[in-house]
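The following exercises are to be worked with the sequence and the coordinates at hand. Each task is followed by a solution in steps.

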Amino acid sequence: MAESIFFSYEEAKKKNPELKESDIQSLREWCAKQPFLPKITDSELALFLHSNYYLMEPTKNTIDTFYTVRTHVPEFFSNRDPINCKELRKIFDTIYLFPLEQRTKEGYTVIFGRLRDTDPANYNYNDHMKYLTMNMDLWSYGTGPIVGHVICFDVANLALGHAARVSPLGLKKFLYYLQDGMPVRLKSLHFVNMSSIMEIIINMARPFMKKELLDVMHCHTSMESVEKFLPLEIFPNELGGKAGALEDLHKARIKKIESCRDWFLEEQESARVDESKRPGKEKTATDLFGVEGSFKKLDID
């Protein structure tokens, strides 16, 4: 797998004394006995271990979930060519999505999202999640093991038509990955400029959210209440911050994603499980998420 987007494993060990070579070696040996898993680098093992606070069994579960979800949710994790995939090019035009350069006082990194095109007809939830997971890959692999990550969405201009394009099953898939498969220490989730439309989406998502995530979810009607949790200066200028203009930050992020095209193309071919080699019963999308028809649909004309 291409290493160009990765933090240095050796540097990570220097910065994180809890990251022990003996634990990484134990994980290497465990992975070698899991024939269904792809080849996993030491950098990735370090991320998985750190995100689980150096607990071995939870780390193994995260590794399995991470690659299993990427295999069984192709709508988020396949066709991730940032240059030639027309659906991605469209969602790039529809959503602002990028990590903020400045960290919080605790040392957390923040990923920020907002609608760029407010027309619901141009919004596609699966493509949004694909764009988000691509950003999260570069976000976590680029920063390496750090004390925490924060997700912040400005939900201003969200319309009923956007909510109608979100399905309970789609929410369940993303939240399962976020809570059980993503190798980050998620410290908080913020929704800014909260509205009744976002309440509809949160109510759809609530059955799939663990108490731990619900406990760190915060809904804000204005940036003033955000300031109790996150310094305002780290945000884009349009939200009262000093990080720069939304358009400039957006263009820089798209350029960064495009520069990692080779990695995304290689990752979608190699970083998947081989269910035929899984010990015991093979897993399917139905095993993980249930049957689509069993989910109550949000019916909005």
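**Exercise 1.** Which residues have the most contacts inside the largest nonpolar core, and how many residues does this core have?

*Solution.* The model is predicted, so local features need pLDDT of at least 70 and side-chain atom pairs count only at pLDDT 80 or more, while totals for chains, interfaces and linings use all residues. Residues are numbered from 1 along each chain as its sequence is written, and side-chain values use heavy atoms, with hydrogens and water left out.

Step 1. A nonpolar core is a set of buried Ala, Val, Leu, Ile, Met, Phe, Trp, Tyr and Cys residues joined through side-chain atoms within 4.5 Å. Buried means under 20% relative accessible area, exposed means over 50%, and partly exposed lies in between (1.4 Å probe, protein chains only).

Step 2. The largest such core has 80 residues, and Leu-37, Ile-63, Tyr-67, Tyr-131, Met-136 and Phe-191 have the most contacts inside it. Helix H7 (residues 125-143) supplies the largest share of this core, nine residues. Helices (H or I, at least four residues) and strands (E, at least two) are DSSP runs, numbered from the N terminus.

Step 3. A second, separate core has 17 residues, among them Leu-100, Phe-112, Ile-234 and Leu-239. In soluble globular proteins, nonpolar side chains tend to be buried together.

**Exercise 2.** Determine the contacts of Tyr-131, leaving aside neighbours within four places in sequence.

*Solution.* Contact means heavy atoms within 4.5 Å. With that criterion, Tyr-131 touches Leu-88, Ile-91, Phe-92, Ile-95 and Leu-97, and also His-250, Ile-254 and Ile-257.

**Exercise 3.** Describe the surroundings of His-50, starting from its helix.

*Solution.* Step 1. His-50 lies in helix H3 (residues 42-51). Nine of the 10 residues of H3 are buried, so that the helix is mostly covered.

Step 2. The buried set consists of Ser-43, Glu-44, Leu-45, Ala-46, Leu-47, Phe-48, Leu-49, His-50 and Ser-51. Their cover includes helix H1 (9-15), helix H2 (21-32), helix H4 (56-72) and H7.

Step 3. His-50 itself counts as buried because its relative accessibility is 7%. Leaving aside neighbours within four places in sequence, His-50 is in contact with Asn-16, Pro-145, Ile-146, Val-147 and Arg-185.

Step 4. After H3 comes Tyr-53, with a positive phi near 55°.

**Exercise 4.** Is Thr-284 buried or partly exposed, and what is the C-alpha separation of Thr-284 and Val-69?

*Solution.* Step 1. Thr-284 belongs to the loop between helix H14 (261-270) and helix H15 (285-289). Its relative accessible area is 36%, so Thr-284 is partly exposed.

Step 2. Thr-284 and Val-69 are 215 residues apart along the chain, and their C-alpha atoms are separated by 9.7 Å.

Step 3. For Ser-22 and Arg-116, 94 residues apart along the chain, the C-alpha separation is 47 Å. Ser-22 is in helix H2 and, at 47% relative accessibility, counts as partly exposed.

**Exercise 5.** Characterise the chain as a whole, beginning with its secondary structure.

*Solution.* Step 1. The chain contains 15 helices and five strands. Its radius of gyration, taken over C-alpha atoms, is 19 Å, close to the 19 Å given by the globule rule for 301 residues, so the chain is as compact as a globular protein of that length. The rule is 2.2 Å times the number of residues to the power 0.38.

Step 2. The C-alpha trace spans about 50 × 45 × 40 Å along its principal axes.

Step 3. Of the 301 residues, 53% are buried. Among contacts between residues at least 6 apart in sequence, 77% join residues at least 24 apart.
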